[in-house]
Amino acid sequence: MSASGLETLGGRLLHASAIVGVYVGEFYFALKFLRRLTNALNRGEKAVDQTIRLSGSVQRLLDGWVRAVLEKRRMPVAARVPSLTVFVDASLEGWGGVLVDVATNAIEVLGSRWSRKEKGLHINELEALAFELCVSAVPDKYAGGTVTVVVDNTTVQGVARKGACLRSQTLNDAVVNGLTRLRHMNISLSVRWVKSAGNPADLPSRVPLSAISDKNMADMALAVRQFLTGDMGLVV
């Protein structure tokens, strides 16, 4: 395929993915290949009619990307009744999550400590891992429903919105893994931002779950109510 043909294909895939809801971060290396090709064309390093030979891995990723767009376009829209709000946070010590059933206001608190290896990651990458862990904990009963994920990290918010991050594969893979699980559950996702001081998931990211008292639970429930009724977050 010519360089201009590949550039056109990439543009169409990005446009179609945004419309039908395919997370382009699943095709990370194909996306990087197309980005480098576009840059080379813009700099005049490649001719528009130059034949580009694709490696087997890039070809497979591009084929998979096309299939994903076509399959998503044909997917029926299910009735979305169950709804869940998921608060997510990370600290240098661990991750925390607060799951709130919208219909019953029932609250479940999640969290754990980071491993020694994970503690060496950048805080944005830790926030992305927390996103993945919390989303992975969404119960199957919410399949076909809606999930609102609330974060206090604008980087993770942006990656979840775009569906990809080329700056960090760790960050990209963690967020995309979470997004992919929700897609497979046919869940409609929205991502909102909350100030760190108003994030109920902050405490379980910093202390073991066994150390959370009844008063702490009451404070977290209050923070949840304030967010849900006070519109403290920004919808994206």
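Helix pairs whose axes make an angle under 35 degrees count as roughly parallel, over 145 as roughly antiparallel, 65 to 115 as roughly perpendicular, and whatever is left over goes down as oblique. With that in hand, the predicted model can be looked at one helix pair at a time, starting with H5 and H6. The axes of helix H5, residues 154-162, and helix H6, residues 169-184, come within 10 Å and cross at roughly 55°. H5 and H6 are therefore oblique to each other, and their crossing is right-handed. On the H5 side, the residues that do the touching are Thr155, Val156, Val159 and Ala160, and they meet Leu171, Val175 and Leu179 of H6. Sorted by class, this contact of H5 with H6 comes out as six nonpolar residues, one polar and no charged ones.

One of those H6 residues, Val175, turns up again in the interior. The largest nonpolar core holds 33 residues, and Val175 is listed with Val86, Val88, Phe131, Val138 and Val149 as having the most contacts inside it. The elements giving two or more residues to this core are strand S1 (83-90), strand S2 (94-101), helix H4 (123-136), strand S4 (146-151), H5 and H6. H4 chips in the most, with seven residues. Leaving aside residues up to four places away in sequence, Val175 touches Ala128, Phe131, Val156, Val159 and Ala160. Separate from this core there is another one, of 20 residues, with Leu6, Leu13, Ile52 and Val58 among them.

Ala128, one of the partners of Val175, is worth a look of its own. Ala128 sits in helix H4. The cut-off for burial is under 20% relative accessible area, and Ala128 comes in at 0%, so Ala128 counts as buried. With residues up to four places away in sequence again set aside, Ala128 touches Val156, Leu171, Ala174 and Val175. Two of these, Leu171 and Val175, also belong to the H6 side of the contact with H5, while Val156 belongs to the H5 side. As for Val159, it lies 31 residues from Ala128 along the chain, and the C-alpha atoms of the two are separated by 9.0 Å.

Closer to the N terminus, helices H1 and H2 make another pair. The axes of H1 (residues 3-20) and H2 (residues 28-42) come within 10 Å and cross at roughly 130°. H1 and H2 are therefore oblique to each other, and here the crossing is left-handed. H1 brings Ala3, Leu6, Glu7, Gly10 and Leu14 to the contact, and H2 brings Leu31, Phe33, Leu34, Leu37, Thr38 and Leu41. By class, the residues of the H1 and H2 contact split into eight nonpolar, two polar and one charged. Leu6 of H1 is also one of the residues in the core of 20.

Stepping back to the whole chain, there are eight helices and six strands. Read from the N terminus, the order of elements is α-α-α-β-β-β-α-β-α-α-β-α-α-β. The C-alpha trace spans about 70 × 40 × 30 Å along its principal axes. Of the 236 residues in the chain, 44% are buried. Taking contacts between residues at least 6 apart in sequence, 75% join residues at least 24 apart.

How values were computed: Residues are numbered from 1 along each chain as its sequence is written. This is a predicted model: local features need pLDDT of at least 70, side-chain atom pairs count only at pLDDT 80 or more; totals for chains, interfaces and linings use all residues. Side-chain values use heavy atoms; hydrogens and water are left out. Axes are lines fitted to C-alpha atoms, for helices over the stretch in contact, and angles run from 0 to 180 degrees between N-to-C directions. Helices (H or I, at least four residues) and strands (E, at least two) are DSSP runs, numbered from the N terminus. A crossing is left-handed if the near helix is turned anticlockwise from the far one by less than a right angle, and right-handed if clockwise. Contact means heavy atoms within 4.5 Å. Ala, Val, Leu, Ile, Met, Phe, Trp, Tyr, Cys and Pro count as nonpolar, Asp, Glu, Lys and Arg as charged, and the others, Gly among them, as polar. A nonpolar core is a set of buried Ala, Val, Leu, Ile, Met, Phe, Trp, Tyr and Cys residues joined through side-chain atoms within 4.5 Å. Buried means under 20% relative accessible area, exposed over 50%, partly exposed in between (1.4 Å probe, protein chains only).
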